[in-house]
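Dear colleague,

I am passing a structure on to you, and below it you will find my notes on what turned up when I went through it. Please read them with the structure open beside you.

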Amino acid sequence: MFKRFRDPKLAEKIVRHIRRLAPSYTVKICHVCGTHEWTITHFGLRSLLPSTVDVIAGPGCPVCVTPAADIDAAIQLALEGVTITCFGDVLRVPGSELSLLDAKARGGDVRIVYSVGDAVKMAKQETSREFVFFAIGFETTAPSTAIEVLKKPPPNLSFLMAHRLIPPAMELLLGIGDLQIDGFIAPGHVSTIIGMKPYQIFPEAYGMPTVIAGFEPLDVLFAISMVLQQIREETPKLENEYKRAVTPQGNVKAQKLMQKAFTTISTEWRGIGRLPDSGLTLNEEYEKYDARKRYDMPAKKGRDLLPGCQCHLIMIGKMKPNQCKLFMKECTPESPKGPCMVSIEGTCRIWVSSR
Ligand code: SF4
């Protein structure tokens, strides 16, 4: 199956088609997904494209867009004796002053989990401890948080909500005047949950060609050719290249779970600012599981960017990692200065791992 979507002969054919479709002026095609960036970078797809087709990476890494204030809140709880459970790639992301790894080194109980279910199990086994699950991720991981919230978690577990939603971030990019995007490649895995409808706004209201794509090299190349075809024909529409996984309606069961557990709110994105309807909080009925309310933690401002870090520009596709002066000098995977160098879905980290 994977081989079929990595067939070099077919790739050559699509690249030839892309060359025929590419306009003489430069077009910018934006994806918003760490896995797409990994495929593009790892397989060297940019080098196959004509010079007039520029594929840029938007805010597609959930860990990278988590504001320092949220990391600070998790660190504060860990240092106050609460056990923080989180995904591994959050551990080294810099907060305003410290990372969760620093908090662990200072005696905080910070544990890596592979799913929210692991956090539930731990809380059930260690009833004398207070647990918090740091709920980070886009629409792909939010349903699993919703399931556990709706199942009535153990009383010693609460949730530090940091889920973010992709379509509002895509809309933000269209409002950045000097970015001038000509087409979107929408993320396949988020689309398996939300379906196609949330993207309809892009061709209809913004005239933006939009293609949902899978993650194999041929998926991405096909999607690029589909966007270029729309640009050439001046017929912006929403198309689905990833039909083997994404249905028009998406995963309705997962959507219902999220609606039951969560309310959509305006929220901060690291280095980007507050976006309307772009985050999830627990519904009133489940507020008692909200870590911020349980531990009386008012919203605070954090320091999202260390001096010189350009992650805010990387995350909106305005800059490429090798244009940051700190890239692989002061900022390395071993000593990251910004979130984009930490997570395996971060653009800077991906560029390093594919060098
Ligand atoms: Fe931020 Fe480091 Fe990337 Fe520069 S190289 S943008 S400092 S993560």
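Helix α2, which runs over residues 34-42, has G34, H36, E37, T39, I40 and T41 as buried residues. Please keep in mind throughout that this is a predicted model. Just after α2, G44 takes a positive phi of about 65°.

One residue of that helix deserves a closer look, namely E37, which is found in α2. With a relative accessible area of 1%, E37 is buried, because anything under 20% falls in that class. Leaving aside residues up to four places away in sequence, E37 touches H31, R46, A57, T347, I350 and W351. With R46, one of these, E37 also forms a salt bridge, in which the closest N and O atoms are 2.8 Å apart. R46 itself counts as partly exposed, at 23% relative accessibility, whereas E37 is buried.

As background to such pairs, side chains of opposite charge can pair when their charged atoms come close. In this model the count of salt bridges comes to 15, and two further examples may help you find your way around.

In the one example, D109 and R129 form a salt bridge whose closest N and O atoms are 3.4 Å apart. This pair links distant parts of the chain, since D109 is in the loop between α5 (100-105) and β4 (110-112), while R129 is in the loop between α6 (116-125) and β5 (131-137), 20 residues apart. R129 is partly exposed, with a relative accessible area of 27%. The two residues also belong to a network of salt bridges in which D109, R111, E126 and R129 are linked.

In the other example, the side chains of D219 and R244 meet in a salt bridge at 2.7 Å, N to O. D219 lies in helix α11 (residues 217-233) and R244 in the loop between β9 (238-240) and α12 (252-261), so this pair ties together parts that are 25 residues apart in sequence. D219 is buried, with a relative accessible area of 0%, and R244 counts as partly exposed, at 38% relative accessibility.

Turning to the ligand, which residues surround it? They are C309, Q310, C311, I314, C324, L326, F327, C331, G338, C340, M341 and C348. The residues of this shell divide into 10 nonpolar, 2 polar and no charged, and the space that the ligand takes is the largest cavity.

A residue in a strand may also interest you: E268 is found in β10, which covers residues 262-269. E268 is partly exposed, with a relative accessible area of 23%. Not counting residues up to four places away in sequence, E268 touches V65, P67, R164, G273, R274 and K301. E268 and G279 are 11 residues apart in sequence, and their C-alpha atoms are 8.2 Å apart in space.

Finally, there is helix α7, residues 142-150, where A142, P143, T145, A146, E148 and V149 are buried. When you look at which of its residues are buried, it may help to recall that an α-helix has 3.6 residues a turn, so residues three or four places apart point the same way. Just after α7, K152 takes a positive phi of about 60°.

With kind regards

Definitions and conventions
Residues numbered from 1 in each chain as written. Predicted model: local features only at pLDDT ≥ 70, side-chain atom pairs only at ≥ 80, totals over all residues. Heavy atoms only, no water. Salt bridge = Lys/Arg side-chain N within 4 Å of Asp/Glu carboxyl O. Buried < 20%, exposed > 50% of the residue type's maximum accessible area, 1.4 Å probe, protein only. Helix = DSSP H or I, 4+ residues; strand = E, 2+ residues; numbered from the N terminus. Near = heavy atom within 4 Å. 1 Å grid on protein atoms, 1.4 Å probe; cavity = no way out; pocket = protein on both sides within 12 Å on 5 of 7 lines; lining within 4 Å. Sits in = over half its atoms within 2 Å of the grid points. Nonpolar A, V, L, I, M, F, W, Y, C, P; charged D, E, K, R; others polar. Contact = heavy atoms within 4.5 Å.
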